[in-house]
Amino acid sequence: MKQDVSPASRPLDGIATALTIALCLSWGFNQVAIKLALPDIPPLIQAAFRSTIGALIVVVWARSRGVKLMDSDGTLGPGLLAGGLFALEFILIFAA
């Protein structure tokens, strides 16, 4: 008798597996790339470039999906706190 497999427990297909491996390689190479670029680009400039590119990607994604990023919904304070902690994390990572 064949058992039904729930979507949460089914195995990854080839595309999902390849994407997972690509993301792991990309994230793993991140620290190496930071160290290789240090002689030419200071750490905080690297962080600024990376954050700017990331913000642009988020804005493009949000606009393509019709998501409003600047709605007044009471999340400004927590968002600023999370952003500040994230910025501190990057400052410490790039300084290390």
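## A polar contact at glutamine 46

A polar contact is a pair of N or O atoms within 3.5 Å; within protein, one must be able to donate a hydrogen and the other to accept it, and residues adjacent in sequence count only if both atoms are side-chain atoms. Glutamine 46 makes one: its side chain reaches the backbone oxygen of isoleucine 41 at 2.9 Å. Glutamine 46 sits in helix 2, residues 43-65. Helices here are DSSP runs (H or I, at least four residues), numbered from the N terminus. The residue is buried, at 11% relative accessible area. Buried means under 20%, exposed over 50%, and partly exposed in between (1.4 Å probe, protein chains only).

## Basis and confidence

This is a predicted model; local features need pLDDT of at least 70, side-chain atom pairs count only at pLDDT 80 or more, and totals for chains, interfaces and linings use all residues. Residues are numbered from 1 along each chain as its sequence is written, and side-chain values use heavy atoms, with hydrogens and water left out.

pLDDT is the predictor's confidence in each residue, from 0 to 100. Its mean over the protein chain is 86, and 91% of residues reach 70 or more. Helix 1 (residues 14-37) has the highest confidence, at 91. Helix 3 (residues 76-95) has the lowest, at a mean of 86.

## Helix 2

Helix 2 has 23 residues. From first C-alpha to last it reaches 33 Å, close to the expected 33 Å. That expected span is 1.5 Å times one less than the number of residues. Gln46, Ala47 and Ala62 are buried in this helix. Glycine 66 follows helix 2, with a positive phi near 75°.

Serine 51 also lies in helix 2. Serine 51 counts as partly exposed because its relative accessibility is 40%. Its C-alpha is 20 Å from that of threonine 75, 24 residues away along the chain.

## Nonpolar surface patch

Tryptophan 61 is in helix 2 and is partly exposed, at 48% relative accessibility. It belongs to a nonpolar surface patch with Val58, Val59, Val67, Leu69 and Met70. Together the patch residues have about 610 Å² of accessible area, by the Shrake-Rupley method with a 1.4 Å probe, where only the protein chains shown count as cover for residues. Patch residues have over 30% relative accessible area and no salt bridge; nonpolar side chains (Val, Leu, Ile, Met, Phe, Trp, Tyr) are joined within 5 Å, like charges within 9 Å. A salt bridge is a side-chain nitrogen of Lys or Arg within 4 Å of a carboxyl oxygen of Asp or Glu.

## Isoleucine 34

Isoleucine 34 lies in helix 1. It counts as buried because its relative accessibility is 5%. Isoleucine 93 is 59 residues apart from isoleucine 34 in sequence, yet 9.5 Å apart in space, C-alpha to C-alpha.

Notes:
Helix = DSSP H or I, 4+ residues; strand = E, 2+ residues; numbered from the N terminus.
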